[in-house]
Amino acid sequence: MGMTQILFWLLSVLALISAILVVVSKNPVHSVLWLILVFFAISGHYILLNAQFLAIVNLIVYAGAIMVLFLFVFMLMNLNADTETQKNKWLKIAGVVAGGSLLLVLVAALKNADLKNQLADMNNGSIGLIHNLGLVLFNEYAVPFELSSVLFLSAMVGVVVIGKKE
Amino acid sequence: MNSINLVWLVPVLPLAGFLINGLFRNSMSKSFSGIIGSLTILAAFVLSLLIFGQVRQEGFRPVVVTLFDFISAGKLQIPFAFQVDQLSSLFLLIITGVGFLIHVYSTSYMKEEEGPHFARYFAYLNLFVFFMLLLVLGANYVILFIGWEGVGLCSYLLIGYWFKNMDYGNAAKKAFIMNRIGDLGFLIAIFVLINQFGSVSFGEIFPAATHTPIPVLTAITLLLFVGATGKSAQIPLYTWLPDAMAGPTPVSALIHAATMVTAGIYMIARSNILYTLTPVTGTVVAVIGLATALLAATIALKQNDIKKVLAYSTVSQLGYMFLGLGVGAYTGAVFHVMTHAFFKALLFLGAGSVISAMHHEQDIRKMGGLKKHMPITHLTFLIGCIAIAGIPPFSGFFSKDEILAGAFAKSPVYYIIGVFTALLTAFYMFRLYATTFLGKFRGTDDKAHHLHESPAAVTFPLIVLALLAAGAGFLGIPEVFAKDAHWLEHFLSPVFEASTQLQATGGQPFDKGMELALMGVSVAVALIGTIWAVTKFSRKPELEEATGFGKVLANKWYVDEFYNAVIVRPLDLLSKFFGFIEKYVIDWIVNGIGRLVQYGSRQIRLLQSGQVGAYVLLMVVGILVLFLVQLFVKK
Amino acid sequence: MPINYYLFLSIALFCIGVAGVLTRRNAIIIFMCIELMLNSVNLLLVAFSKMHQHALGVVNANAGIDGQIFVFFIMVVAAAEVSVGLAIIVMMYRNTHSTDVNFLNRLKH
């Protein structure tokens, strides 16, 4: 097994365990921390796939901005383990079962998909590089790019409006 | 000018009269309504005369005037067509002619009614004439049936004309329901006709009848006859006619004497080839006709209401007509229809004149001696009685005799019973005459002061009808008196041609002597009955209640009570039973479904907990199901 | 690396996210599980883009780059969505002093 493979499995296991811990943790702040770990693992996967730009952006935007935002909110509300209320036991089981069934169904559906022999390129490939990405982004996808700025504007306006103290 | 092409106008004119009188009845004066009502019939009569003039030319072939396609379903074509031939043009004249006289009479008889009701009467009467004309003009059984049903409807409307009286309403319902029972037979006959011949038109059925299996024809003719028993008041569906006397007297004259009740006769005369081919049905028709004639005559012997006597007399005479049809004497039956229309309408109108002079008293025991107060009514009534008794040279003799001769040719038993019934006829009619007009007046003094002859609008139709009742017999002078003098037989021969040919191969002709002897017997019998009745009742009228066998007759042989017990009560119980089922079983089920839905919805409502978490769970489950179905079930 | 491995990894992460949404009652935790789901999809998209590049890379130098651009935009949208969502949750907290989802059962009526 090459280095790549070991890294792949390691990162996968890390991601899965962290995800489960996110869901299971009683303390919400712990959940946030585990989620950040998930993001790191996924960024690791991106680097393996040579999607450099996305790896960095993932870290900056998700782990950096979004998770910090979550932590702000948590601190604002002063939430910790003893304020967490418990859901109805049956609903919890139902939820887990539903999620598990979804997993099973999707896996079963896709295991016979005709993609077995496709490989994902790792460690090489130029499409992940910032240079190429930027060129394509500003040439072909210029309009969506501009629209996304409008989206941010509207989001900011929305947040301010919602957050106003009447 | 080909007036036959305008034949559609003949029924349309009374229809227009109906619409005008019906729609504008609140704003027309009484005289205007009466004029509109009568004029339309007069115009129709004139047109019928023109048509008759064309039809009676030598060698006239039936003409079918098609107005429009009525029903067109696959291979079945039923056009709205009129057939103008000798039979229909004769009936046209009778209906419009007698109808016109009765309309004129009604303008005086009904004058006590208020404006809108007066107009309503004329509207109904015109509508009736429209339907009756449709009946006799129809070129196929369906148009005939439309007219058939229509006259039944108008009969109901007119019998129950004074609708505020519940008894009259019940009489109207009885008439309509009994008619409908007969109509079911008629309808089934039409279905069998369509099944067998693929058509209902006369022109297509009658030529093909000779090639049809006899059992099918027997079924058709029997079913048609069932319809006729309902409409023309034969056993077992005759009990509505005496009750129908609840309607105004001119209505009784027009509908229940001259026209509607003869619809059955017309229908069978029109289908004569079918009946000639099925001797079994012929026997049934003759026997029932004869039995009805006898039964009704016995009941009439003991009735004390002037109109009821005439009603039973009508039933009896209709029985004679069916006897004629059953033995194959088609011309005789149609001849009797004509003469009966004249003298029976005359008798009813005369009775109406008496009733209105007596301020609506109808019991003959309270009358008497009206001869000197109402001379014209008396004379015309007498002429009518002589005619119906069958005394020559008035018309009843010729037509009744032709039927009896035909009956004798089939079987002497028919003849003997027929002659006995003729005796009874003469007897009860002259009992009626003597009790009403002869002797002393037995009513109150108050009424005696008001007795006077009726106005001209009443006496004029009486006189015309009396002349017709007296002289119409000469249209049908039998062979025995003069060769080829039977104008009616000659006129109607194309209609009955096929039947006559078939019959000619059968029986034997009788000799002149025999025929004269038969005639002599019937005249003698009629005279005996007449003189006996007149002498008995002019001296001592029958005033006391009937006893013994007479009581049975006076109570109409308890037939109504029998029907009530055997048919009406069980049906009532059956409907109560079904009502019970409806209420407790069916309603319970239906309401139960409602309760079930409510319960179910209450349970399902709990799903709407308002909790977002539950909704998301359901969403995921839904997606799961979709995936499962899409990926695994639909391969 | 066969694409299947990425596929199953992504599916597993997604389903864990779904289970988290259904199981937890705290609104913010639910939000976080949604982010987890989004990320699993991102991973899968990138994997597919690399797969396309492997298959068509010789022909077209930029084969499969669309997948990564798509991921970029998903991140954009996720960021906007998080800001708005958290604003709503803060509002909710201000009104009811709780982040329990079950309190929000106004839809019942």
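The following exchange concerns how several terms apply to this predicted model.

Colleague: Which conventions apply here?

Modeller: In this predicted model, local features need pLDDT of at least 70 and side-chain atom pairs count only at pLDDT 80 or more, whereas totals for chains, interfaces and linings use all residues. Residues are numbered from 1 along each chain as its sequence is written, and chains are lettered from A and ligands numbered from 1 in the order in which they are written.

Colleague: Why are strand 1 and strand 2 of chain B called paired?

Modeller: Strands are DSSP runs of E, at least two residues, numbered from the N terminus, and two of them pair if DSSP finds at least two bridges between them. Strand 1 (residues 63-73) and strand 2 (residues 76-84) of chain B have nine bridges, in the antiparallel sense, so the criterion is met. Thr66(B), for instance, has Ala81(B) as its bridge partner in strand 2 of chain B.

Colleague: How do you know that the span of helix 5 of chain B agrees with expectation?

Modeller: The expected span is 1.5 Å times one less than the number of residues. For the 19 residues of helix 5 (residues 141-159) of chain B this gives 27 Å, and the end C-alpha atoms are 26 Å apart, which agrees.

Colleague: What makes helix 5 of chain B mostly covered?

Modeller: A residue is buried if 20 or more other C-beta atoms, placed from the backbone, lie within 10 Å of its own. In helix 5 of chain B, 15 of the 19 residues are buried.

Colleague: Which residues does Ala345(B) contact, leaving aside neighbours within four places in sequence?

Modeller: Contact requires C-beta atoms, placed from the backbone, within 7 Å. The partners of Ala345(B) include Val98(B), Ile102(B) and Leu465(B).

Technical notes. Helix = DSSP H or I, 4+ residues; strand = E, 2+ residues; numbered from the N terminus. Contact = placed C-beta atoms within 7 Å. Buried ≥ 20, exposed ≤ 12 C-beta atoms within 10 Å, placed from the backbone.
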